Amino acid sequence: MTLRYRLTFISVAFMTLGLLILGLTLYSAERAILLNGVRDDLVRATNQIQSQYAEAKKPLERYFSGTSVSLLPVPNEDFEGSPISVAVYYPNGVRLASTPSFMGEGPTLDSTELASALEKNSVISTKPSSYGRTMQVVSPLTFDHTVVGVLVASQSLRTVDRALDTLSLVFLIAGSLTVVLMFLGISQITKRGLRPIDMIANTAEQIVRAEDLSRRIAVANPHDELGRLATITNDLLARMEGLFNTQKRLTADVSHELRTPLAAMRGNLEVLRRGAMRNPELLNESLSDLEREVARLNRLVNDLLFLAQTEAGVQMRSEPVELDTLILEVFRELRPLAEHVKLQIGSEDQATVIGDRDRLKQAMLNLAYNAIQHTPEGGAVTLSLERVGREVALRVQDTGEGIPPDILPNIFQRFYRADKSRVRKGGGAGIGLAIVKWITDAHRGTIEVRSNVGEGSLFTLWLPLAPATDRLITGQLRESPSQPLPIVK
Ligand SMILES: Nc1ncnc2c1ncn2[C@@H]1O[C@H](COP(=O)(O)OP(=O)(O)OP(=O)(O)O)[C@@H](O)[C@H]1O
Ligand SMILES: [Mg+2]
């Protein structure tokens, strides 16, 4: 059974039970009210006749005057419902007088009732008659404290029973109609209510069938539970699509990046096979080409390995790193590569940060290496370190070609290169800045770029100072424990 019908049946079942309880309670209350009304009438009539007879102080035969029914003082105008019939019996059970019985219904007296009346007890009972039920009150008539007769007052319950029958019929018809209407209404409501779930299921099915992650679920009301489910499913789809596309792009980029140096190496080997061995100039050129490509492949594989590690959420080391010595190391390492430009160190404050020394060095190297690569002959690349408040700014400035403003927002993306068609002499895969960004984020830092085409670029890496350095600056002795660096993916 579908969820819709299950919900409908459960709701209708509960509501029907509620209706049933309500109907039965109302029916019982009505029945009790009506029967109590009849009983009260009979008791009142009996009391009235008994007290009038007691006041008259006459023998039974004389007071009730034989069979003369008109003498029976039954005041009908005070009573509700059917007329009350009354009969008077001798103590031996023989009837002395009675009002005319209506359609054969009237007082009857059986031996047990007679016996209780003779013992001065009243009995109220309901008896079946040929036209329905009757209720009667049997009570003693006394003269000088002696039971001289028995009075039976009875009233037909036909009107009461008919009213109760009508009531149950009304309950039955109205109740059945209500149940049918409830079923139709609730099934429609659940159908409408469950429509978004249906849509989610259909969309998911389409996505699976068409392998199309770009589809989204229409969200009618984003604030109700189902709307939130649809929104979160859409978010999930968007995330999956993003991951899937990144994965696709990564695979394509990686295979492309690996293929290019391999093709160059194969070309050089081919040249060597064809006789370059005998030509020292050509041999030298091919070998240095091969060397360059091997170095490039090596760097690429290392970068890819680093990226794979970041994907896996590798924990960074968290130790004090003196940036002033780090910047000197970077300077020394890069000096041999910067033959065509002037590599220099600008301002150099002392600063310590908490982080991973090797990673921070790699970030600086990547920035500086880019600057050297993109600065033409005669230009300058300046590395500097400056403390600003509670932060430290690591700067790499060049007087190179600069970066056009339209591509500036993209340079931190993986495999993004400004000039894809450029013959990349030692040019990279476009991973360097993505790695810098990752390392900066992992150190809770930020990276800033300013660049003017033809004038040069300035990359600034902002990092929070280590707490100890912080204390030195502010002169406070407060202990602020260094927290472990987050795992960044
Ligand atoms: N200092 C700079 N001056 C001009 N352009 C730059 C500079 N630094 C980066 N870029 C641009 O940003 C792009 C991305 O740089 P990134 O370091 O990520 O890749 P790459 O240097 O091409 O390759 P890789 O670093 O992986 O060897 C570069 O291709 C280049 O176009
Ligand atoms: Mg680079």
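## A walk through the model, starting at Lys 57

Select Lys 57 to begin: this residue is exposed, with a relative accessible area of 62%. Before you go on, keep in mind that the model is predicted. Lys 57 sits in the loop between α1 and α2 (60-64). Check its backbone too: phi of Lys 57 is near 50 degrees, which is a positive value in a residue other than glycine.

**A second loop residue**

Now jump to His 145, in the loop between β4 and β5. Is His 145 buried or exposed? His 145 is exposed, and its relative accessible area is 72%. Here again you'll find a positive phi, about 60 degrees, although His 145 is not a glycine.

**The antiparallel sheet**

You're already next to the strands of a sheet, so colour them. Select the five strands in the order β2-β1-β5-β4-β3: they form an open sheet with antiparallel pairing. Which strands are at the edges? Those are β2 and β3 (123-129), each of which pairs on one side only. Tilt the view to look at the twist, which averages 25 degrees from one strand to the next.

In case pairing is a new word: strands of a sheet are held side by side through backbone hydrogen bonds, either parallel or antiparallel.

Zoom in on residues 84-89 and 95-98. These are β1 and β2, an antiparallel pair with three bridges. Pick Val 88 and you'll find Ala 97 of β2 opposite. Then pick Tyr 89, whose bridge partner in β2 is Arg 95. Five residues lie between the strands of this hairpin, and in it Gly 93 takes a positive phi near 95 degrees.

Next, show helix α1 (residues 3-56). This helix packs on the sheet and touches β1, β3, β4 (132-143) and β5 (146-156). Compare directions in the viewer: α1 makes about 25 degrees with β4.

**A long walk along α5**

Select residues 225-273 to bring up helix α5. How many residues does helix α5 have? There are 49, and at 1.5 Å a residue they should span 72 Å; the end C-alpha atoms are 71 Å apart, so the two values agree. Show side chains for some of the buried residues of α5, including Gly 227, Leu 237, Val 254, Pro 261, Met 265 and Leu 272. What do the buried residues of α5 pack against? Their partners are α4 (158-210) and α6. Past the helix comes Gly 275, with a positive phi near 120 degrees.

**The mixed sheet**

Move on to another open sheet of five strands, this time in the order β7-β9-β10-β12-β11 and with mixed pairing. Its edge strands are β7 (342-348) and β11, each pairing on one side only. On average, neighbouring strands here are turned by 15 degrees against each other, direction ignored.

Look at β7 and β9, which pair in the parallel sense over five bridges. To see one residue pair, click Lys 342: its bridge partner in β9 is Ala 380. Now add α7, which lies across β7, β9, β10 and β12 and runs at about 175 degrees to β7. Add α8 as well: it packs on the sheet, touching β9, β10, β11 and β12, and its direction makes about 25 degrees with that of β10.

**A closer look at α8**

Hide everything but α8 for a moment. It has 17 residues and reaches 24 Å from its first C-alpha to its last, close to the 24 Å expected at 1.5 Å a residue. Bring the rest back: twelve of the 17 residues of α8 are buried, so this helix is largely enclosed by the rest of the structure. Among them are Arg 359, Leu 360, Met 364, Leu 367 and Ile 372.

**Into the core**

Finally, visit the largest nonpolar core, which has 52 residues; Leu 323 and Ile 411 touch the most other members. Elements that give two or more residues to this core include α6 (280-311), α7 (323-334), β10 (391-398) and β12 (456-464). Which element gives the largest share? That is α8, with eight residues. Where does the core lie? Domain 2 (225-308) and domain 3 (316-474) both give residues to it, so it lies between them.

Centre on Ile 411 and show its contacts. Leaving aside neighbours within four places in sequence, these are Ile 403, Tyr 416, Leu 433, Val 449 and Phe 459. For a last stop, select Leu 35, Tyr 53, Tyr 63 and Ala 153, which are included in a second, separate core of 22 residues.

Notes: Residues numbered from 1 in each chain as written. Chains lettered and ligands numbered in written order. Predicted model: local features only at pLDDT ≥ 70, side-chain atom pairs only at ≥ 80, totals over all residues. Heavy atoms only, no water. Core = buried A, V, L, I, M, F, W, Y, C linked by side-chain atoms within 4.5 Å. Buried < 20%, exposed > 50% of the residue type's maximum accessible area, 1.4 Å probe, protein only. Helix = DSSP H or I, 4+ residues; strand = E, 2+ residues; numbered from the N terminus. Domains from an automatic or database assignment. Contact = heavy atoms within 4.5 Å. Pairing = 2+ DSSP bridges. Axes fitted to C-alpha atoms, helices over the stretch in contact; angles between N-to-C directions. Expected span 1.5 Å × (residues − 1).
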